[in-house]
Amino acid sequence: MTVAGEMRQYQVVGRKAGTDENPNPEAYRMIIFAPNPTTAKSKFWYFMRQFRKMKKTTGEILDCVEITEKNSRTVKNYGIWLRYDSRSGTHNMYREYRDLKLTGAISQLYDEMAGRHRTRPRSIQIIRTATVAAKDLKRPNGAQFAQAKNHNQDYMGKEESTSFKRNNQPTLNFLVSCSCLSTFLNYLKWYQHKSDISLI
C-alpha cells in the first residue's frame with residue numbers, strides 16, 4: 001500500500017488513436033490495482049508499452065471504472081500470484097491472505113512485500129487473483145484461521161479463572177504516588193467509610 005491509501009480495483013479500456021487508415025483500432029481491457037484512477041491509467045500505459053507498440057501520446061483511454069466487491073461482509077481466502085523486482089533479479093511468488101475484500105488483500109500484500117522484501121509498489125506486478133477454499137490453502141498462516149473449530153466459539157457461561165482474578169483493592173504504589181497529602185488523607189477517609197474497616 002502506498003501513501004495514497006488503500007488499493008482499489010479498476011477496469012481500464014484503451015486503444016490506439018484512430019487514423020485514416022484504421023479509424024476503429026482494436027481496444028484492450030485490463031484489470032489494475034491502484035490507489036486512484038490517475039495511477040491506474042498510468043499503469044495501463046506502462047503495461048501496454050510492454051505488450052503492444054502503444055503509448056499515451058499515440059493512444060486514448062475509452063473507459064476507467066472502479067470495480068467493487070459484491071459481498072464484503074464475509075471473510076474470504078484470497079490467493080495472489082505476483083511478480084516483483086528485487087535488487088538481485090525478478091521473482092515469481094504466490095501469497096495467501098484473509099480479508100473481506102480483494103482490495104484489502106492486495107493492500108496487505110503491498111504492506112508485507114514492503115516489510116519483508118523492501119519492495120517498492122512500482123516493482124510489484126499482480127498476475128492473477130483467485131478466491132481459495134479453506135481445504136485448498138497452502139500457507140499455514142491462513143489455514144489456522146480457516147479451520148472449522150475456530151468459528152463461532154462460545155466463551156459465555158464459562159467459570160472465571162481464580163488464578164487471574166481481578167482485584168479492585170488499591171495498591172501501595174498508587175497510594176504513595178499521590179503527590180498531594182490532603183488528597184491522600186481524603187482518599188483514606190473515603191476508603192475507610194466504604195470498606196467499613198478501621199485504619200491505624
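## Nonpolar core

In this predicted model, the largest nonpolar core comprises 15 residues, of which I80, L82, Y84, I106, L109, M113 and I124 touch the most other members. Strands β4 (76–85) and β5 (90–99) and helix α2 each contribute at least two residues to this core. Helix α2 provides the largest share, with six residues.

In soluble globular proteins, nonpolar side chains tend to be buried together.

## Salt bridges between strands

The count of salt bridges in the model comes to five. One of the salt bridges joins the side chains of E66 and R8, with an N to O distance of 3.2 Å. Because E66 belongs to strand β3 (residues 59–67) and R8 to strand β1 (residues 8–16), this pair ties together parts that are 58 residues apart in sequence.

Both partners have intermediate accessibility values. E66 counts as partly exposed because its relative accessibility is 36%. R8 is likewise partly exposed, with a relative accessible area of 39%.

## Charged pairs in helix α2 and beyond

A salt bridge also forms between E112 and R116, whose closest N and O atoms are 2.8 Å apart. The two residues are four positions apart in helix α2, so about one helical turn separates E112 from R116. With a relative accessible area of 61%, R116 is exposed, since the category of exposed residues begins over 50%. This pair is part of a wider arrangement: R95, E112 and R116 are linked in a network of salt bridges.

Another salt bridge brings together the side chains of K135 and D136, at 3.4 Å from N to O. K135 has 72% relative accessibility and therefore counts as exposed, whereas D136, at 41%, counts as partly exposed.

Side chains of opposite charge can pair when their charged atoms come close.

## Positive surface patch

The surface also carries a patch of positive charge, in which R87, R118, R120 and R122 gather. Residues admitted to such a patch have over 30% relative accessible area and no salt bridge. R120 has 45% relative accessibility and therefore counts as partly exposed.

R120 is located in the loop between α2 (102–117) and β6 (124–132). Helix α2, which precedes this loop, is also the element that supplies six residues to the largest nonpolar core, and the salt-bridged residues E112 and R116 lie in helix α2 as well.

Key
Residues are numbered from 1 along each chain as its sequence is written. This is a predicted model: local features need pLDDT of at least 70, side-chain atom pairs count only at pLDDT 80 or more; totals for chains, interfaces and linings use all residues. Side-chain values use heavy atoms; hydrogens and water are left out. Patches are made of residues with over 30% relative accessible area and no salt bridge: like charges are joined within 9 Å, nonpolar side chains (Val, Leu, Ile, Met, Phe, Trp, Tyr) within 5 Å. Accessible areas come from the Shrake-Rupley method with a 1.4 Å probe; for residues, only the protein chains shown count as cover. A salt bridge is a side-chain nitrogen of Lys or Arg within 4 Å of a carboxyl oxygen of Asp or Glu. Lys and Arg count as positive and Asp and Glu as negative; His and the chain ends are not counted. The place of a charge is taken as NZ of Lys, CZ of Arg, CG of Asp or CD of Glu. Buried means under 20% relative accessible area, exposed over 50%, partly exposed in between (1.4 Å probe, protein chains only). A nonpolar core is a set of buried Ala, Val, Leu, Ile, Met, Phe, Trp, Tyr and Cys residues joined through side-chain atoms within 4.5 Å.
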